[in-house]
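Please work through the exercises below with the sequence and the model at hand. Each task is followed by a solution in steps.

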Amino acid sequence: MFRTRRLRKTEGIRRLVKETKLSVDDFIYPLFIEEGENIETEIVSMPGIKRWSLDTISKELDEVVMLNIPAVLLFGIPSNKDEEGTETWNDNGIMQQAVRFIKKNYPSLYVITDVCFCEYTSHGHCGIIHDNDVDNDATLINLAKQVISHAKAGVDMVAPSGMMDGTIDMVRQSLDNSGFVNLPIMAYSVKYASAFYGPFRDAADSAPTFGDRRTYQMDPSNRDEGMREATFDDQEGADILMVKPALSYLDIIRDLKNNFDRPIACYNVSGEYAMVKAAAEKGWIDGEKVMMESLLSMKRAGADIIITYFAKEAAKVLLKR
């Protein structure tokens with residue numbers, strides 16, 4: 001008889017043979033920063049997550065630093081939108097102001113910016129619209145302007161999320177040609193057109209006013225296509241490859257981990273967060289245990305980095321342990 005239970009008998013032996021371990025070092029915490037003053041607005045569909053203005057966000061950043069979370073991912077919410085999202089390359093825009101503020105006041109925090117247009121366009125799509133669809137190559141030109149503006153503001157890493165073909169090549173060339181050869185890129189390499197993004201669109205005010213994003217984000221049915229997308233980003237110069245969402249795409253995380261010699265990130269998205277929160281509020285699950293098990297599953301699948309709204313809560317649990 002094979003007695004595998006011998007190695008589960010006590011807490012001591014279970015700790016010794018544990019194969020996967022979570023650490024606060026694994027986490028990136030997303031932040032929503034809105035243009036304006038005195039803003040501290042809870043997002044109803046994401047309990048515990050808020051929109052902040054720059055004059056109120058120190059409360060949140062103080063806690064992030066206290067919990068030793070290494071990095072934040074910034075999403076800007078401007079006061080003015082237009083057809084092209086021109087505020088994205090305004091050197092005094094909300095994202096650029098936020099980068100400068102955090103780098104000045106919280107120098108230990110590693111600051112990453114989401115590089116996209118959906119929060120900034122009046123139509124809510126991720127680029128320039130021609131013939132009722134996003135024009136890939138025209139959008140790339142504006143993407144280059146945006147990424148250089150973020151770089152000049154002092155960001156530590158850029159994360160292009162729009163799923164335009166050729167994004168990483170354009171971003172890498174633009175950064176290199178502007179003297180930012182050491183600025184890394186975290187690519188949203190395998191980003192699915194997912195129903196799990198619903199609460200985020202409330203948070204970032206980024207829902208499309210017409211149609212959907214299935215012409216540029218991936219079909220959830222497709223696995224091999226994810227490998228092709230990641231391969232292109234790898235070849236074009238991405239430093240980190242990301243899978244989004246995470247929990248329903250653990251097989252894709254493992255595919256990337258097995259096939260690429262780069263750090264693999266995953267995005268534990270708003271819908272995944274909201275489901276746990278809602279069920280825990282109803283008393284149907286132990287929210288803390290489900291949170292930690294979910295994050296552990298992402299790490300076990302192969303994620304080196306987890307972008308998660310649970311970062312603060314999970315960090316507190318890990319500190320207690």
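**Exercises on a predicted model**

Helix α9 is followed by G283, which has a positive phi, near 80 degrees. The model is predicted.

**Exercise 1.** Determine how the length of α9 relates to the expected span, and which of its residues are buried.

*Solution.* Step 1: α9 covers residues 270-282, 13 residues in total. Step 2: the expected span at 1.5 Å a residue is 18 Å, and the helix reaches 18 Å from its first C-alpha to its last, close to that expectation. Step 3: the buried residues of α9 are S270, G271, E272, Y273, A274, V276 and A279.

**Exercise 2.** Classify the packing of α8 against α10 and describe the residues that form the contact.

*Solution.* Step 1: two packed helices are described by the angle between their axes and the distance between the axes. Step 2: for α8 (residues 250-259) and α10 (residues 287-301), the angle is about 30 degrees and the axes are 8 Å apart. Step 3: angles under 35 degrees count as roughly parallel, and α8 and α10 are therefore roughly parallel to each other. Step 4: α8 contributes L250, I253, R254 and K257 to the contact, while α10 contributes S297, M298, R300 and A301. Step 5: by class, these residues of the contact of α8 with α10 are four nonpolar, one polar and three charged.

**Exercise 3.** Carry out the analysis for α3 and α4, and state the handedness of their crossing.

*Solution.* Step 1: the axes of α3 (residues 94-105) and α4 (residues 136-153) come within 8 Å and cross at roughly 25 degrees. Step 2: α3 and α4 are therefore roughly parallel to each other. Step 3: their crossing is right-handed. Step 4: the contact involves M95, Q96, V99 and R100 on α3, and S149, H150 and A153 on α4. Step 5: the contact of α3 with α4 comprises three nonpolar, three polar and one charged residues.

**Exercise 4.** Decide whether Q146 and S174 are buried or exposed, and list their contacts beyond four places in sequence.

*Solution.* Step 1: Q146 is found in helix α4, and S174 in helix α5 (residues 167-177). Step 2: buried means under 20% relative accessible area. Step 3: Q146 has a relative accessible area of 1% and is therefore buried. Step 4: S174, with a relative accessible area of 12%, is buried as well. Step 5: leaving aside neighbours within four places in sequence, Q146 is in contact with T88, W89, D114, V115, C116 and F117. Step 6: Q146 and F117 are 29 residues apart in sequence, and their C-alpha atoms are 9.2 Å apart in space. Step 7: not counting residues up to four places away in sequence, S174 touches A144, V147 and I148.

**Exercise 5.** Identify where the backbone at N38, N68 and P245 departs from the usual geometry.

*Solution.* Step 1: most residues other than glycine have a negative phi, and most peptide bonds are trans. Step 2: N38 is not a glycine, yet its phi is positive, about 55 degrees. Step 3: N38 is placed in the loop between β1 (27-34) and β2 (40-42), and is exposed, with a relative accessible area of 65%. Step 4: N68, also not a glycine, has a positive phi of about 65 degrees; N68 lies in the loop between α2 (58-66) and β4 (71-77). Step 5: K244 and P245 are joined by a cis peptide bond, with omega about -5 degrees. Step 6: P245 belongs to the loop between β10 (240-244) and α8.

Terms used: Residues numbered from 1 in each chain as written. Predicted model: local features only at pLDDT ≥ 70, side-chain atom pairs only at ≥ 80, totals over all residues. Heavy atoms only, no water. Axes fitted to C-alpha atoms, helices over the stretch in contact; angles between N-to-C directions. Helix = DSSP H or I, 4+ residues; strand = E, 2+ residues; numbered from the N terminus. Parallel < 35°, antiparallel > 145°, perpendicular 65-115°, else oblique. Contact = heavy atoms within 4.5 Å. Nonpolar A, V, L, I, M, F, W, Y, C, P; charged D, E, K, R; others polar. Expected span 1.5 Å × (residues − 1). Buried < 20%, exposed > 50% of the residue type's maximum accessible area, 1.4 Å probe, protein only. Left-handed = near helix turned anticlockwise from the far one by under 90°.
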